[in-house]
Amino acid sequence: MPKLEWSSKSDNLKSGGSLITESILFPGPDDKNPARVENRLILGDNLRVMNALLGEYEGKLDLIYVDPPFFTNKGYPARVGRGEDSRKPEEWQLAEGYPDQWDDLDSYLDMLYPRLKLMHRLLSPTGSLYLHLDWHANSYARILLDEIFGYENFRNEIIWTYHGPSPIRTAFNRKHDTILFYTKTDDYVFNVDDIRIPYAPNTVATFKSSKKAGFGKVPDLERGKVPEDWWYFPVVARLHQERTGYPTQKPERLLERIILASTNPDGLVADFFCGAGTTGTVANRLNRRFILSDLQNRAIITSRSRLVLKNQELGENRAELEGPALPVYLQREEGRMEFPLKSPEEMGFPEISIEAGVIHLPPELVPNVDYWEVDPDWQGKVFRSRYQAVRPLRKGDLPSSMILPETGGKICLRIVLISGEQIQQVLN
Ligand SMILES: C[S@@+](CC[C@H](N)C(=O)[O-])C[C@H]1O[C@@H](n2cnc3c(N)ncnc32)[C@H](O)[C@@H]1O
């Protein structure tokens, strides 16, 4: 087979990397003693993160979806505050998102190649990889995937098309991304009946009027058809209910189709370039377990508050239909610091108080808060988040007080500000 070569290509897979658990998020009331530790949100460079996961997860992941930087050589700022409404610029500010800047194509491929190899090792024998890119680098990635996964394990080049404004006047508007779908072997999960879509109305009308329309083949009009390898879903800019303000966020419907097709309920889904946490949010909703990681603190805090918010929305239905939500372990690559935890005083805010079992945030603090959470039995090390209050994405206010049941333990409060900084205070 022909192979892609570049001057700095190396087969040397760096090893090393370990993870530290900072906090555990318990999104439901019944998860006090989790038997399973899957569901992780990890801050760190995914090369080290994947290396750290190998010991426990080599050959175990059912699906990996990744949407890495595309080699666009641009920076992508995030919108913070009520960033979902472009018509109200007074309600959001720009903050650091993530860079997609490279010295040259070699340095981009140096990033991609070892990571794709690690993903291949982490996948289970029946597992699938979906690599989301666009015209900037997808042709190179395809050759790398043929090398790592085998040409015979290529399944689809999925074209995701969308609309949107474009400044291009010298070529056709570039309005599609490419998702390369490979499996580890030829024995893989593909739940064809879970992703069927209705036939187009004119196809239904044609077959209803004449049985001979398909040259002898009559489709099962009730059952629907297997989608083509080109998909239309609106971009997140048009989906105000989903928009978190994190740049280049992907639509939930896109992830839904991928997860339904390539995993069974309770399967393990990973996204090592998770951004705003779309993959984890959808996996959670579909009752799959997930591992997410990202290099940017902003991505981790966005994913985290989104997961809490979505879990709150799923609410009691979830407990009834699918069992309680599993806890999420918030981890970081050893050696990488999250923003330091500061006291309210250090951030220029008054101390937070608790009166008769009710915690009140000072009114001057509230407009600055993205979400806050409480560990009612603080042991001094790993923060166990039992209660959470999140600013809703679109309408409504952040809850500024919280009633706590009596536990007798020390109460610890963590507050993530819209700026990304974090406050911690022990209340008693
Ligand atoms: C295109 S965005 C992902 C968007 C995501 N699919 C969503 O729906 O929100 C790419 C992400 O990869 C992250 N990233 C880039 N290099 C990384 C690395 N070496 N390790 C972990 N994450 C990385 C960036 O911080 C960015 O959040």
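**A ligand and its shell, then a sheet**

Let's start with the ligand: 20 residues surround it, and those that come nearest are Asp-67, Tyr-246, Ala-276, Thr-278 and Asp-294. Keep in mind as you look around that this is a predicted model.

Two of those nearest residues are worth zooming in on. Find Thr-278, and you'll see a polar atom of its side chain sitting 2.6 Å from an oxygen atom of the ligand. Now find Asp-294, where a side-chain N or O atom is 2.7 Å from an oxygen atom of the ligand. For Leu-295, look at the backbone instead: one of its polar atoms there lies 3.2 Å from a nitrogen atom of the ligand. So how much of the ligand does the protein bury? On its own, the ligand would expose 610 Å², and the protein buries 96% of that.

What kinds of residues make up this shell? It's a mix: eight are nonpolar, seven are polar and five are charged.

Now move over to a sheet. Five strands form an open sheet here, and reading across it you meet them in the order β13-β21-β20-β16-β18, with mixed pairing. The edges belong to β13 (341–342) and β18 (387–390); each has a single partner strand, so one side of each has no neighbour in the sheet.

Take the β13 edge for a closer look. Its pairing with β21, which covers residues 422–426, is parallel and runs over two bridges. To spot where these strands face each other, look for Lys-342, which stands opposite Ile-423 in β21.

Definitions and conventions
Residues numbered from 1 in each chain as written. Predicted model: local features only at pLDDT ≥ 70, side-chain atom pairs only at ≥ 80, totals over all residues. Heavy atoms only, no water. Near = heavy atom within 4 Å. Polar contact = N/O pair within 3.5 Å; in protein donor to acceptor, adjacent residues only side chain to side chain. Areas by Shrake-Rupley, 256 points an atom, 1.4 Å probe, with all protein chains shown as cover. Nonpolar A, V, L, I, M, F, W, Y, C, P; charged D, E, K, R; others polar. Pairing = 2+ DSSP bridges. Helix = DSSP H or I, 4+ residues; strand = E, 2+ residues; numbered from the N terminus.
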